[in-house]
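User: Could you walk me through this protein fold with a few questions and answers? I'd like to see how its parts fit together.

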Amino acid sequence: MPDEDKSKNRKFVTHTIAPVWNSESRILILGTMPSPASREVGFFYMHAQNRFWPVMARIFGEEFLHKNNDKDKNAAIAERIAFLKRHNIALWDVLSECEISGASDSSINKELPNDFSKILAASKITHIFCTGKTAFNLYKKYCSQKYSMPFSYLPSTSPANQAAWPTEKLTEEYRKEILKFV
């Protein structure tokens with residue numbers, strides 16, 4: 001889609017999903033901005049085809065009873081929050097607001113980053129992972145100088161990234177990086 005077409009379809013979006021973390025969190029995983037499907041459900045990575053939750057479950061040898069598109073959204077969300085806390089993982093997004101067309105990170109404009117000060121000060125986080133190139137580049141641009149915390153890139157779990165990162169390869173990359181810190 002040409003850039004001028006993307007700008008016509010952009011909507012201003014404010015992040016409304018609270019971060020998941022506690023004082024025992026050891027890593028922080030950051031996406032860019034919740035997709036329309038995730039915003040509708042009110043939780044991270046809830047598009048039925050996104051591979052984030054299946055990959056995380058495989059890493060820790062667990063299985064979610066409720067799928068991303070489960071009719072009982074509250075149970076699916078509660079199950080994922082408990083999983084994150086059990087494994088000392090904090091989860092949020094780099095941006096607090098932006099203009100975006102659908103879920104297209106490449107269309108992001110007029111971005112404003114979240115403030116990670118409270119989470120980083122009140123937890124045991126020693127490393128930040130950014131899922132996808134856009135999240136990584138935005139964190140590097142807006143946050144890396146503000147927070148003296150090591151951060152690195154993890155491949156996107158989007159189904160659009162399936163050709164470059166098949167699920168097994170993606171799972172192994174996440175396992176190799178995440179298990180060093182939790």
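Below, we go through the sheets, the pockets, an aromatic pair and one loop residue.

Analyst: Happy to help! This is a predicted model, in which local features need pLDDT of at least 70 and side-chain atom pairs count only at pLDDT 80 or more, while totals for chains, interfaces and linings use all residues. Residues are numbered from 1 along each chain as its sequence is written, and side-chain values use heavy atoms, with hydrogens and water left out.

User: Which strands stand at the edges of the open sheet of 3 strands?

Analyst: Helices (H or I, at least four residues) and strands (E, at least two) are DSSP runs numbered from the N terminus, and two strands pair if DSSP finds at least two bridges between them. The order in this sheet is S1-S4-S5, with antiparallel pairing. Each edge strand has a single partner, so one side is left without a neighbour in the sheet; these strands are S1 (11-14) and S5 (104-113).

User: Which residue takes a positive phi in the hairpin of S4 and S5?

Analyst: Strand S4 (residues 95-101) runs antiparallel to S5 and is joined to it by 4 bridges. Leu 95 has Pro 113 as its bridge partner in S5, while Ser 101 stands opposite Ser 104. The hairpin has 2 residues between the strands, and the residue with a positive phi near 60° is Gly 102.

User: Which strands stand at the edges of the sheet with the order S3-S2-S6-S7?

Analyst: This open sheet has 4 strands, and the pairing is parallel. Its twist averages 25° from one strand to the next (axes are lines fitted to C-alpha atoms, for helices over the stretch in contact, and angles run from 0 to 180 degrees between N-to-C directions). Two strands have a single partner each, so one side of each lacks a neighbour in the sheet: S3 (89-93) and S7 (151-154).

User: What angle does the direction of helix H7 make with that of S7?

Analyst: Strand S6 (residues 127-131) is joined to S7 by 4 bridges and runs parallel to it; one bridge pairs Ile 128 with Phe 151. Helix H6 packs on this sheet, touching strand S2 (27-31), S6 and S7 (contact means heavy atoms within 4.5 Å). Helix H7 (residues 167-178) also touches S2, S6 and S7, and its direction makes an angle with that of S7 of about 165°.

User: Which element gives the most to the lining of the largest pocket?

Analyst: A pocket is found on a 1 Å grid over the protein atoms alone, as an open set of points where a 1.4 Å probe fits, with protein on both sides within 12 Å along at least five of seven lines; lining residues have an atom within 4 Å of a point. The largest pocket holds about 630 Å³ of space, where a volume is the space filled by probe spheres set on grid points joined across faces, edges and corners. Of its 31 lining residues, the closest to the centre are Asn 50, Ala 103, Asp 105, Ser 156 and Ser 158. Helix H2 (36-41), S5 and H6 each supply at least two residues, and the most, 3 residues, come from H2.

User: How many charged residues are in the lining of the second largest pocket?

Analyst: This pocket has a volume of about 170 Å³, and helix H3 (residues 52-59) gives the largest share of its lining, 4 residues. Among the lining residues are Trp 53, Arg 58, Glu 62, Glu 63, Lys 67 and Arg 80. Ala, Val, Leu, Ile, Met, Phe, Trp, Tyr, Cys and Pro count as nonpolar, Asp, Glu, Lys and Arg as charged, and the others, Gly among them, as polar. By these classes, the lining has 5 nonpolar, 2 polar and, for charged residues, 5.

User: Why do the rings of Phe 43 and Trp 53 count as they do?

Analyst: Rings of Phe, Tyr and Trp (its six-membered ring) pair if their centres lie within 6.5 Å, and planes under 30 degrees apart count as stacked, over 60 as edge-to-face and the rest as tilted. The structure holds 15 aromatic pairs. Here the centres are 6.1 Å apart and the planes are at 15°, so the pair of Phe 43 and Trp 53 is stacked.

User: Which residues does His 66 touch, not counting residues up to four places away in sequence?

Analyst: His 66 is in the loop between H3 and helix H4 (73-86). Its C-alpha atom is separated by 12 Å from that of Ile 81, 15 residues apart along the chain. With residues up to four places away left out, His 66 touches Ala 75, Ala 76, Glu 79 and Arg 80.
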